[in-house]
Number of protein chains: 2
Amino acid sequence: MSKTVNKQGSTSASRRRMQMTDIARLAGVSVSTVSRALSGSELISAHTRERIKTLAQQFNYTVNSVATNLRSGVKRTIAVVVPFEPGSRQSFADPFLHGMIGSLADALTERGYEMLLSRTDADRLDAVAALIDSGRSAGVILIGQWRHHDQLNAMAARGLPLVVWGAHLPHQDYCTVGGDNVRGGQLVAEHLLAQGRRHMVFLGDCGLPEVAQRYRGFVAGLRAGGINLPAQQRMAVPFLAESGRQAMFTLIDRIPELDAVFACSDLLAMAAVGALRERKKQVPTDVAVVGYDDVELSAHFNPPLSTVRQPIHEAGALLVGELLMLLEGKTPPPFVVLETRLIVRESSYVA
Amino acid sequence: MSKTVNKQGSTSASRRRMQMTDIARLAGVSVSTVSRALSGSELISAHTRERIKTLAQQFNYTVNSVATNLRSGVKRTIAVVVPFEPGSRQSFADPFLHGMIGSLADALTERGYEMLLSRTDADRLDAVAALIDSGRSAGVILIGQWRHHDQLNAMAARGLPLVVWGAHLPHQDYCTVGGDNVRGGQLVAEHLLAQGRRHMVFLGDCGLPEVAQRYRGFVAGLRAGGINLPAQQRMAVPFLAESGRQAMFTLIDRIPELDAVFACSDLLAMAAVGALRERKKQVPTDVAVVGYDDVELSAHFNPPLSTVRQPIHEAGALLVGELLMLLEGKTPPPFVVLETRLIVRESSYVA
DNA sequence: AAACTCTATGCAATCGATTGCAATTTGCGT
DNA sequence: ACGCAAATTGCAATCGATTGCATAGAGTTT
């Protein structure tokens, strides 16, 4: 016969899944034996073990991990939570998030964990706790702390296994991994000053801790060079290309002598370049642009984008590592600040 | 007191999770009553029900969905599988995938499902079956069929609830949702011909069904305009920016009279623009570039990128809808081909 | 006050696996 | 052939919930 026949001989609709009892019956042994054989227990004779394993494979049987979890209490699912701004769900669009998710997916797969991806309203972080309380996941990795430092502290106080990608803040009871945002902002300031720029603007919402730190570093760096950044040279924009573009138009009109833009994400920086181009400003000749994150596309942008690199890959591995430590009852470092480098490309450099 | 105390009064390490028996004891009723009260059953008096719900909230109790699933047999987790090319894990980097994942996340959340995100070696798709067989997820949404049409057919024959984003192929037993790739390629051909372009190149790996269809449409469109596309004007590149860049260099050297590029993804198109720029070719004046997907960034690229729009949002909703139909035992349409539009922007249009 | 509805709650089996302990089989010495 | 240890395998309790059926009260009718 060339065509294999459905083992249940059923009509395609109602196929009951194989389960351990079925295999046990087929092998003529008890479920205990099957369970032990499939988990490779030495208690079962090598011969029986192989026979059962083969049988299971033939019938496409895989142990039901839901039942296993229930019985053994071990969960191998980690929730990765990506908050979005209430109102617009759009924040998922930032390529930085994708890089982060990819690197977390890698790190989790490597350690044998599954990844439950969950988008949550940034204002309803209690849903995060429910992911753990309901047993759906063993722990949570949250990307960005947004405006909810206190809520996160409360969750940590409840002992929820939680690690956060974000800024290190004072009075912080939860674990964070993040870049050195202050230093990042400072590096950009120094670079732009060295390029002879004097009239800068900052794109980013300082309501978010990471952005606030970048801003602080930037302002401090400028001040050290004898330059002030008046409030009207800053615009609080969400991480959305269109918002960045609009904000940029406003700033161009407001500050005619504008010669440099520091955007707190590469996405915003790209949008800024677009807006400048529409207003016939040359990048970098007229206006230098620096972004943040160093997403993959930045190197291929036109012109290639100067930016502050966030070590995404390292971050993913660290976040996962720390969460697993928490789950094992160990105490990970309360915060890790990763090294941050400025990558100068053509968008801010005139030879 | 300002600091809240852990309900269990435990040392942070070993906190046993609340469970239904605890709530039952606290309320002085049986677990059955708690179960019914929390699920809002009319069998329980309104008064008791409210009392129990309040209690549960106070103690941060959420029913353990693992146990619920086991007992009720209903699973509310869907696996989304993103294959990567064996060898390089990089294919996750394509922004189109992120858009797709985002839209699936939305559609699933809306319908009350969780999303298990899984990266799998494109050559080991049997892992996909295991996701279902092991009960980790109720069904699978696979992004792209890659080179595994037959394996997918086999899985469908086994009755696995599976829907695929990709091309509609002959002899296909699994459900697909995809764009009209042939038409897409054809639209690009017509557009480029109308722009007076004559020396085109195609970037993309025709080993993948979707790409092959785009290529077919493109070639057909060119032929209708009296132009041939010799094999050496095509390069099989994976969906990676750097590969696109290198391929483009090769093609520029190989075809001096080159005046148009059709890349089978926006990512490749952007990389192509970068390579052209490095070789001092103006886009679109010297060379027109058209991409595929219309990812969010394309509109903000420099120059804004002409591209074929794939209706990602609609696709996500459809994929989820069809999978849920399968799970309910209904029969969804075997394939859906979504309308495909050419978006002309500056990268291929000279006024 | 007995008989009979309802309403609200509890008992116990069940989902599909794991695992400590008991039971059976096998092998070997004498 | 008998006894005993070692090697296998099976029984039954368990994980945390759900749900059909039984039952205890409250209220109504006669």
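This report walks through a predicted model of two protein chains and two DNA strands, taking the DNA contacts, the chain interface and the sheets in turn.

## Around DNA strand C

Let us start with DNA strand C, which has 22 residues around it. The closest of these are A:Ser35 and A:Arg71 from chain A, along with B:Thr33, B:Arg36 and B:Arg71 from chain B. By class, the surface near DNA strand C consists of eight nonpolar, 10 polar and four charged residues. Four helices each give at least two residues to this surface: H2 (31-38) and H4 (65-72) of chain A, and H2 (31-38) and H4 (65-72) of chain B.

On the DNA side, sugar or phosphate provides 57% of the strand C atoms within 4 Å of the protein, and bases provide the rest. Several polar contacts reach phosphate oxygens of this strand. The side chain of A:Gln19 places an N or O atom 3.0 Å from one, while a backbone N or O atom of A:Met20 is 2.6 Å from a phosphate oxygen. From chain B, a polar backbone atom of B:Ser30 sits 2.7 Å from a phosphate oxygen of DNA strand C.

## Around DNA strand D

DNA strand D also has its own set of 22 residues, and those that come nearest are A:Thr33, A:Arg36, A:Arg71, B:Ser35 and B:Arg71. Of the strand D atoms that come within 4 Å of the protein, 58% belong to sugar and phosphate. The nearby surface is made up of eight nonpolar, 10 polar and four charged residues.

Here the polar contacts include some to bases. An N or O atom in the side chain of A:Arg71 is 2.5 Å from a base oxygen of DNA strand D, and a polar side-chain atom of B:Ser32 is 3.5 Å from a base oxygen. B:Tyr61 turns to the backbone of the DNA instead, with a polar side-chain atom 2.7 Å from a phosphate oxygen. Two or more residues of the surface near DNA strand D come from each of H2 and H4 of chain A and H2 and H4 of chain B.

## Where the chains meet

Chain A and chain B each bring 55 residues to their contact. About 5,100 Å² is buried between them, with carbon and sulfur atoms giving 53% of that area. On the chain B side, B:Arg277, B:His300 and B:Asn302 supply 13% of the area buried against chain A, more than any other three residues.

## The sheet of chain A

Chain A has an open sheet of six strands with mixed pairing, in the order E7-E6-E8-E9-E10-E12. Strand E7 (234-235) and strand E12 (341-343) are at its edges; each has a single partner strand, so one side of each has no neighbour in the sheet. E6 (200-203) and E7 of chain A run parallel and share two bridges, and A:Leu203 has A:Met235 as its bridge partner.

Two helices that pack on this sheet are worth a look. Helix H9 (209-224) of chain A touches E6, E7, E8 and E9, at about 170° to the direction of E6. Helix H10 (241-254) of chain A touches E6, E7 and E8, at about 155° to E6.

## The sheet of chain B

In chain B, six strands form an open, mixed sheet in the order E7-E6-E8-E9-E10-E12. Its edge strands, E7 (234-235) and E12 (341-343), pair on one side only. Within the sheet, E9 (288-293) and E10 (306-309) of chain B are parallel and joined by four bridges; B:Val290 is partnered there with B:Ser306. Helix H10 (241-254) of chain B lies across E6, E7 and E8, running at about 155° to E6.

Technical notes: Residues are numbered from 1 along each chain as its sequence is written. Chains are lettered from A and ligands numbered from 1 in the order in which they are written. This is a predicted model: local features need pLDDT of at least 70, side-chain atom pairs count only at pLDDT 80 or more; totals for chains, interfaces and linings use all residues. Side-chain values use heavy atoms; hydrogens and water are left out. A residue is near a molecule or strand if one of its heavy atoms lies within 4 Å of it. A polar contact is a pair of N or O atoms within 3.5 Å; within protein, one must be able to donate a hydrogen and the other to accept it, and residues adjacent in sequence count only if both atoms are side-chain atoms. Ala, Val, Leu, Ile, Met, Phe, Trp, Tyr, Cys and Pro count as nonpolar, Asp, Glu, Lys and Arg as charged, and the others, Gly among them, as polar. Two strands pair if DSSP finds at least two bridges between them. Contact means heavy atoms within 4.5 Å. Axes are lines fitted to C-alpha atoms, for helices over the stretch in contact, and angles run from 0 to 180 degrees between N-to-C directions. Buried area is the accessible area (1.4 Å probe) that two parts lose on being put together, summed over both.
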